[in-house]
Amino acid sequence: MGEPDASIARAADFLRGARRIAVFTGAGISAESGVPTFRGGDEGLWSRYDPMQLATPEAYARDPAMVSEWYDWRRQLILKARPNPGHEALAALEDWCEGTGRSFDLITQNIDRLHQRGGSRRVIELHGCLLEWRGWRSGTVVPVADDPFESYPPTAADGEPLRPGIVWFGEMLPIDELVAAEEASATCDAMLVVGTSGAVYPAAGCIDLAWGAGASVIEVNPEETEASHKATILVRAPAARALPAIVAAVRG
Ligand code: BJW
């Protein structure tokens, strides 16, 4: 089931047979753009940094300078990164769906905007975006320059500290995005799950919804994950190699 060429052909068959396609992505799709993932191996961010010291509102409240400087380091990495053939293949899949009257929803946990830069037009961002910063108390989005901040934490013109516009542990996901993602997941007939450990909820609940509704679940990931047992097809290959092959086969 995991042999890449055979599983790529099967994945394409399932996508061609579907009228409603949903795609659910995680950090692994950006790994080949040089953006680190969170879990797994020595490369994952959480193997080097403690998420409880960095990725919670309590951590920011305790040490806003340290936390904002760490996120600015990651923001700089993302600004230098470029979309890879995996991102571009999903944009091509969106075009094919539109041209053939299929519905298409791209749901991402990623905060790097590489899907949009790779040509995807409609993206549901469940965990916000690291390129946007907002007031710590007001929540108002404040435009910021791409250059590294001059001091930490960065501040708005009125002196309010700014935080990254992402969803930390213990925070609620943006409700409109979550509702749209759950609706797309519960009503699709095929879901492509790419580069996610499927470990973080409520986002990973999208896979459960698709699976529970009887959709074909196609997992593209070189490693086994918490979602693998729900997959109809396992494509055990990196996304930047597998997705262009799948989409080329879909388009015939
Ligand atoms: C490749 C590849 C290649 C590599 N090609 N693949 C139910 C059960 C248990 C716990 C909970 C639960 N419900 C809620 C919780 C608590 C918590 C949670 O889920 N904890 C778990 C970790 C146990 N969830 C929350 O706190 C959420 N909020 C919440 O529940 O609020 C409740 C509430 C209600 C009412 C009021 C208030 C609150 C919020 C979760 C936010 C998660 N945020 C993060 C960090 C953001 C900040 C930052 O960026 O620093 O988002 S966590 C991190 O994980 C990030 C990601 O979006 C998310 C998912 O990770 P992802 O994308 O799957 O990456 P990895 O690294 O895990 O996996 C990469 C995969 O790629 C691997 O499988 C590789 O093999 C693969 N790969 N190279 C393809 N080339």
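## Exercises on a predicted model

**Exercise 1.** In this predicted model, decide whether E219 is buried or exposed, and state where E219 sits and what E219 touches.

*Solution.* Begin with the relative accessibility of E219, which is 2%. A residue is called buried when this value is under 20%, so E219 counts as buried. Next, locate the residue in the chain: E219 belongs to strand β8, which covers residues 216-220. Finally, list the contacts, leaving aside residues up to four places away in sequence: E219 touches V193, T225, A227, S228, A231, I233, L234, V235 and R236.

**Exercise 2.** Explain why strand β1 is described as largely enclosed, and identify the strands that pair with β1.

*Solution.* Start with burial: strand β1 spans residues 20-25, and five of its six residues are buried, so the strand is largely enclosed by the rest of the structure. Then turn to the pairing with strand β2 (residues 103-108), which runs parallel to β1 and is joined to it by six bridges. Within this pair, A22 stands opposite D105 of β2. Strand β7 (residues 190-194) also pairs with β1 in the parallel sense, here over five bridges, and V23 has L192 of β7 as its bridge partner. As background, strands of a sheet pair through backbone hydrogen bonds, either parallel or antiparallel.

**Exercise 3.** Work out the strand order of the open sheet that contains β4, and say which strands stand at its edges.

*Solution.* The sheet has three strands in the order β5-β4-β6, and the pairing is antiparallel. Reading this order, β5 (141-142) and β6 (162-166) stand at the edges, each with a single partner strand, so one side of each is left without a neighbour in the sheet. For a closer view, take strand β4 (residues 128-135), which pairs with β6 over five bridges in the antiparallel sense; here C129 stands opposite G165 of β6.

**Exercise 4.** Describe the surroundings of the ligand, going from the shell of residues to single contacts and then to the covered area.

*Solution.* The shell consists of 35 residues, and the closest are R39, Y71, R74, T196 and S197. Sorted by character, the shell holds 19 nonpolar, eleven polar and five charged residues. Among the contacts with oxygen atoms of the ligand, a polar side-chain atom of R39 lies at 2.6 Å, a polar side-chain atom of H127 lies at 2.8 Å, and a backbone N or O atom of Q109 lies at 3.1 Å. On its own the ligand has 1500 Å² of accessible area, of which the protein covers 74%. The elements that give two or more residues to the shell are α2 (28-31) and α6 (64-80).

Key
Residues are numbered from 1 along each chain as its sequence is written. This is a predicted model: local features need pLDDT of at least 70, side-chain atom pairs count only at pLDDT 80 or more; totals for chains, interfaces and linings use all residues. Side-chain values use heavy atoms; hydrogens and water are left out. A residue is near a molecule or strand if one of its heavy atoms lies within 4 Å of it. A polar contact is a pair of N or O atoms within 3.5 Å; within protein, one must be able to donate a hydrogen and the other to accept it, and residues adjacent in sequence count only if both atoms are side-chain atoms. Accessible areas come from the Shrake-Rupley method with a 1.4 Å probe; for residues, only the protein chains shown count as cover. Helices (H or I, at least four residues) and strands (E, at least two) are DSSP runs, numbered from the N terminus. Ala, Val, Leu, Ile, Met, Phe, Trp, Tyr, Cys and Pro count as nonpolar, Asp, Glu, Lys and Arg as charged, and the others, Gly among them, as polar. Buried means under 20% relative accessible area, exposed over 50%, partly exposed in between (1.4 Å probe, protein chains only). Two strands pair if DSSP finds at least two bridges between them. Contact means heavy atoms within 4.5 Å.
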